[in-house]
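Here are a few notes to go with your first look at this one. Have the viewer open and follow along point by point.

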Amino acid sequence: MSLLAILVAMPALAQEAAPQDGDTLMSELVVTAQRREEALQDVPIAVSAFSQTMLEAQKIDGGANLQRAVPNVTFSKGFYSGYNFQIRGIGTKQTAATGDTSTGVHLNGAPLTENRLFEAEFFDVERVEVLRGPQGTLYGRNATGGVVNVITAKPTNSFEASIRGEIGNFDTRKVRAMLNIPLIDDTLALRVAGSYLSRSGFATNLTTGHDIDGRDLYSVRASLAFTPVETFKANLVWQHFEEDDDRLRTGKGLCTRDNGPSSVGGAAVTNNVVRGFLSQGCTNGSIYADAANGTPNSMSTLFGLLAYRGGLASGDLSANKRQVADLSKVESAIDPSYYAKEDVLELSAAWDITPYLQFNLLTSYYKGEYSSEQDMYRFGFPTVFNATATAPGGVVNDPQLGAANTLQVYDSNQHPSEQWTQEVRLSSSFEGPLNFSIGANYVDYETVQSFYILSNALTNFARVANGGATCALGATNCIYINPNAEPDPSGHGNYLSYQPYTLDSKAAFGEVYWEATDTLKVTGGLRYTKDTKTLYSYPVRLLTPGSGLTPGAPASYTASFSEMTGRVGVDWKPDLSFTDSTLLYAFYSRGYKGGGPNNIGAGGIGAPRPIYDPEFVNAFEVGMKNTLLDGTLILNLTGFYYDYKGYQISKFVNRISVTENIDARVAGFEVEGIWEPVNNLRFNVNAGFLNTEVQNGSSIDPVNRTQGNPSLTLVKASSMAGCVAPTAALGNLLAIIQQQPGAATVAGVSGNPLALLGVCSGTFASLGVVPTEGVAANLSGKELPNAPPWTVSLGAQYTWNLSSGWDATLRADYYRQGESFSRVYNATVDRLKGWKNGNVSIQAKNEDLGLEVEAYVKNVFNDRPITDTFFVDEAMGLLQNAFILDPRTYGVSVTKRF
C-alpha cells in the first residue's frame, strides 16, 4: 500500500481534532489488501487507500477522480460507455465483447465483470483500495494492471445517522444520507445509505438548443450484519444504481479532412465521387490544430455511398463543413439518451473455526442493463437530400429517427448482463513462523451486446432495393425494415452487431508466509486459473434479404485458457538510526489476463485470427516505506520493471472491433511523501515516473495504410473499408473510369464511378491493380497509449482551531500529467498534450454539534483538456471522438451527523 493512501489521509486527519504534543503524524489507516487487517505502512504492496472522509476532502467523487491521487494512474472514458483505468501503463485499450479489464474492479472483494464504478459516486464507504501491480493470489479474478476494491461501510452496534446536502453551479443538487440501527444488541444491525445527483449538462447541442451531458442518477444500499456468536459473523449487502439522463458517451468528433488526391499516377481526379472513394475521410493531423474541426467527405463513408446509390446524394453531403472549435458544443437533430441500472447482492461470512483458523465465504450476484443512443457524427450534415420516389421532397421517413431531409446517423447500444460469483477462503493466524491463506472462486458471467447503427440512408437504400414495396416480416426475397420506434433484431435495414457472450472462470489460489526472524518475512503465492469464453455467432445481416437473427457457421467460438501464475518476495523491517521505522520489500509476480474470440463479423482483407492471445506480465518491484523525524515525515519509494507479453489492443476493421497482441517493456519509479512541520500544517506530494516501450510487433494503421509510400494509394471497397493499390496501375484505371482522353473504353467501367469500389476485391487485378491491406506500421520503440512519462500531485492544508469547538481547514490540491499518445501507433493524430487540474476547499467543522459546512471549487483553472480519443471505423470516415475533463464546478455543502 502506497504512502499515497496515507498522503490522502492527510485531509481527513486535519479535519479531526488537532494533534496534541507528542502525537505522531497520523493514525494508521487499517487495510485488508492482503486479506487481513494491517496498518498501511506495514503492508509490502503498492496500494493506496481512502476512507469516505478522505474521498470527500480530496474531492474524489467517483472512480474517475482516483487518478489525481494515485501515482502512475490515468483514466479516461471509452467507447460503448467503457473506461480505461490504467495503472503503470497497463490499461484496457480493447473494445471486445470477450475482453477483460486490466484493472479489476471489486465490491467488498467480489469481482464485478460489469460495473458502474466510474459513473456512480462514492457514498458511505469504509474505504477504497487501489492496488498497483498484478494481482490474483489472494482473492478475486486475475488482473495484470491492478485492482480497485470498494469496501462499503458495515452496520455497527450503535445508532448513527447523517445527511449531506450540496448545491452548486450547473444546477447541481446532491444528497447523501445514512442511517444505522442496532436491531438486536451485539447481534443484528441494519445500515441503509443512499446518494442522489442531479445537474444540467456540461455540453450544448446547437441544433436543439438544449444543454446535454447532464446527470440524473441515484444509488441506495442496505446492509445487514449478523453476529450470533463471537466466532461467526455474516453480512448481507444489497446495492442498487439507476441513471436516466442525456449523458454523452463521447465528446466532439474531430477530423482533419482528407479531400482525397487531386491526381493518382499522373491521372487527374476530376470526378468528385471518385475522389471521395479515394478519401479516408479524416487524416493524420494534430487534434489541437484548427484543421481538426473539419468534417469527413461523406463519400468516404458507407452512409454517404448508400445515399448516393439510393439517389439521395449527388456527392459530398458534409460540403466541407467546419465545426465550431468549442469541444463542448455539438450538433445533433436528436439529443442523446442514456439509461443504466444495476443490482448487486452479496453475502459474506467469516467463521473462526479455532482461534487460529478462519473460514470465509463470499457469494455475489449481479444483474445490470444499459442502453444509450446518440448521434455518431454530432456535426450535422448541411446538404439536403435529392427528391426521389422513396424520399418525396427529399424527406426520408425513418421509423426510428423520424422524418429528415439531411443525413442522420445514430448508434444505439443495448447491453444486459448477469453474473454469479462464489469464493471460499481458509486462513491461519498461528503464533509460529508459518501461516497461510488459501482459497478458490468461480465466476459465471453472461451478456449480450447489441450495437445498432441507425441511418436514414440505410433505410432509404433498403426501400430502393425493395422497389418501394413493403417487405413483410418473415419474407426471404426482400429486406425487412423494422417499423417500430425502438430498434430490434428483426430489421435488416439497420446495422446490428449482436454478440451473446458467456464466461466461465474457475481458480484456486493461496499464499504461504514464513517469518524467518522477527523482522524478516518471506511470501510465496500461486494461482491456477481456467477461463472458458464462448461467443455466439450472429453475423451482421445489414441490407440482406430476410429478417431477424440468423446463427452463423459455426454457431459459436470457444476459447479456453489454463494458466499458473503467482508471486514470491521478501519484506524486512531493519532498525535504522536515521528513521523511526522502515519497511523494505522486493517481489516478483506474474500476472495474466485471458484471451478470447474476436468479435463476430470481423473480416475483409487481412482478416484477423479468430482467437486473440492472453496477456502476461512478469513484474519485478522493490519498495521502501519510511517514517522519519519523530513521526512528522513519511517518505515511501517504489521501483518496478514489467516484461509485458501479449498486450491486447483493438481497432476497427470493416465496422467490427478486432483485437491484436503486441509485447512491451514498462519501467518506473514512484515517490510519495507527507510532512507536518508544525501542528495543523501539512504538505503532501506523490509523483510517478514511467517509461514504456513496445518491444516488437506490427499493425496496419487504418489512419495511415500506406505509411507514406508514394507507390501505393488508398482506395475504398464497397463496404467502405480501405485497401491500398499500386499508384501507377490505379491511375490507369481511373483514366478509364473517368473516360479521360486516350483511355480504353471498358463496358460497365467507363463512366461508372462505382466501378472503383471493386478494386479491393481484386476485380481489376488483371490490369495490375492488385489490392493489399497496406503497409504495416513498425511498432517497436513506440510508447504504450495513455502512459504519460510523469504524473505529479501536490497538496497543502492548514487547520485553525477556533472557539466553541469549531475548526476551519483550508486545502488546495494540484495535479499534472505529461504528454502521452491515444494509440500505440504514436502518430501525429495520437498525441495528447499534458494537462493540469486544481481544487480548493474550505471547511468549518464542529464535532460536538456534528455539523460540517464546506465551500469548494473543482478544476479552478477551468481547463477542459482532451484526456483520450477513440476512432470510429473507416466505413464511418475515421472520425476521432474526444473525451474531455469536466469544466469548473463550485458549490456549498452542509453535513449533519447524529
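1. How many salt bridges does a search of the whole structure find? The search turns up 46 salt bridges. Keep in mind that this is a predicted model. Three of the pairs get a point of their own below, and then there is a network and a glycine to visit.

2. Start with lysine 533 and aspartate 100, whose side chains meet in a salt bridge at 2.9 Å, N to O. Lysine 533 belongs to strand β31 (residues 520-536), while aspartate 100 sits in the loop between β5 (83-87) and β6 (103-107), so this pair ties together parts that are 433 residues apart in sequence. Is lysine 533 buried or exposed? Lysine 533 is buried, at a relative accessible area of 0%. Its partner aspartate 100 is buried as well, at 9%.

3. Next, take a look at lysine 329 and aspartate 326. Their side chains form a salt bridge with an N to O distance of 3.0 Å. Lysine 329 has 27% relative accessibility, so it counts as partly exposed. Aspartate 326 also falls in the partly exposed class, with 34%.

4. The third pair is arginine 831 with glutamate 819, and here the salt bridge spans 3.1 Å from N to O. Arginine 831 is in strand β47 (residues 831-832), and glutamate 819 is in the loop between β45 (806-817) and β46 (820-821); the two residues are 12 apart. How accessible are they? Arginine 831 is partly exposed at 39% relative accessibility, and glutamate 819 is partly exposed at 41%.

5. Now for the network. Which residues do salt bridges with shared partners join into one network? They are Glu56, Asp61, Glu121, Lys174, Arg176 and Lys858. Hold on to Arg176, a member of that network, for the next point.

6. Finally, find glycine 194 in strand β12, which covers residues 188-199. With a relative accessible area of 17%, glycine 194 is under the 20% cut-off, so it counts as buried. Setting aside neighbours within four places in sequence, what does glycine 194 touch? Its contacts are Phe123, Val175, Arg176, Ala177, Ser219 and Val220. So Arg176 turns up again, as a contact of glycine 194 and as part of the salt-bridge network. As for phenylalanine 123, it lies 71 residues from glycine 194 along the chain, yet their C-alpha atoms are separated by 7.2 Å.

Technical notes. Residues are numbered from 1 along each chain as its sequence is written. This is a predicted model: local features need pLDDT of at least 70, side-chain atom pairs count only at pLDDT 80 or more; totals for chains, interfaces and linings use all residues. Side-chain values use heavy atoms; hydrogens and water are left out. Helices (H or I, at least four residues) and strands (E, at least two) are DSSP runs, numbered from the N terminus. Buried means under 20% relative accessible area, exposed over 50%, partly exposed in between (1.4 Å probe, protein chains only). Contact means heavy atoms within 4.5 Å. A salt bridge is a side-chain nitrogen of Lys or Arg within 4 Å of a carboxyl oxygen of Asp or Glu.
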